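Visitor: I have just opened this one and would like a walk through it. Could you start with a single residue and build up from there?

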Amino acid sequence: MRLTLTRLASLTPKLKELRIVLDPAGDASKGAREFVQKFYPNLKKANPDLPILVRECSGAQPRLWARYGKGKEISVSLSNREAPDIQKQLEAVGK
């Protein structure tokens, strides 16, 4: 599945920060690592003003955190998800 950069670009006004937490070697984080490796460069290029943080922590369960204005945050589990599913989750938190 191709990453839709125009959709991701439309997320930036609502989002103040994206964080992806993953285990650098854990099986549950395989899809999150693939998402970061394949899609992070284009995602960042399309959203240069949006802070996108990738945190690697041994033993951590993979999660996507989205921070909006006034400190509101939403988190979504990425455990055992594939990269295209993570794209869908990213689009969902941007609505």
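Guide: Let us begin with Trp 65, which touches Glu 17, Leu 18, Arg 19, Val 21, Glu 73, Ile 74 and Ser 75 when residues up to four places away in sequence are not counted; contact here means heavy atoms within 4.5 Å. This is a predicted model, in which local features need pLDDT of at least 70 and side-chain atom pairs count only at pLDDT 80 or more, while totals for chains, interfaces and linings use all residues. Residues are numbered from 1 along each chain as its sequence is written, and side-chain values use heavy atoms, with hydrogens and water left out.

Visitor: Where is Trp 65 placed, and is Trp 65 buried or exposed?

Guide: Trp 65 sits in strand 3, and at 26% relative accessibility Trp 65 counts as partly exposed. Buried means under 20% relative accessible area, exposed means over 50%, and partly exposed is in between, using a 1.4 Å probe and protein chains only. Helices (H or I, at least four residues) and strands (E, at least two) are DSSP runs, numbered from the N terminus.

Visitor: OK, zooming out, how many helices and strands does the protein chain have?

Guide: The protein chain has 3 helices and 4 strands, and read along the sequence they follow the pattern α-β-α-β-β-β-α. Of its 95 residues, 40% count as buried.

Visitor: Which residues of the largest nonpolar core touch the most other members?

Guide: That core has 20 residues, and those touching the most other members are Leu 18, Ile 20, Phe 35, Leu 64, Leu 90 and Val 93. Two or more residues each come from strand 1 (15-22), helix 2 (30-46), strand 3 (63-68) and helix 3 (83-93), and helix 2 gives the largest share, 5 residues. A nonpolar core is a set of buried Ala, Val, Leu, Ile, Met, Phe, Trp, Tyr and Cys residues joined through side-chain atoms within 4.5 Å.

Visitor: And at what angle do helix 2 and helix 3 pack?

Guide: Helix 2 and helix 3 pack at about 60 degrees, with their axes 8 Å apart; axes are lines fitted to C-alpha atoms, for helices over the stretch in contact, and angles run from 0 to 180 degrees between N-to-C directions. The two helices are therefore oblique to each other, since angles under 35 degrees count as roughly parallel, over 145 as roughly antiparallel, 65 to 115 as roughly perpendicular and the rest as oblique.

Visitor: Which residues make the contact?

Guide: Helix 2 contributes Gly 31, Ala 32, Glu 34, Phe 35, Phe 39 and Leu 43, and helix 3 contributes Ala 83, Ile 86, Gln 87 and Leu 90.

Visitor: Ile 86 is in that list, so what else is Ile 86 in contact with?

Guide: Leaving aside neighbours within four places in sequence, Ile 86 is in contact with Gly 31, Ala 32, Phe 35, Leu 78 and Arg 81. Ile 86 is buried, with a relative accessible area of 2%.

Visitor: New topic: which residue in the loop between strand 3 and strand 4 has a positive phi?

Guide: Lys 70 has a positive phi of about 60 degrees although it is not a glycine, and it is found in the loop between strand 3 and strand 4 (73-77). Most residues other than glycine have a negative phi. At 90% relative accessibility, Lys 70 counts as exposed.

Visitor: And what about phi of Asn 80?

Guide: Phi of Asn 80 is also positive, near 60 degrees. Asn 80 lies in the loop between strand 4 and helix 3 and is exposed, with a relative accessible area of 63%.
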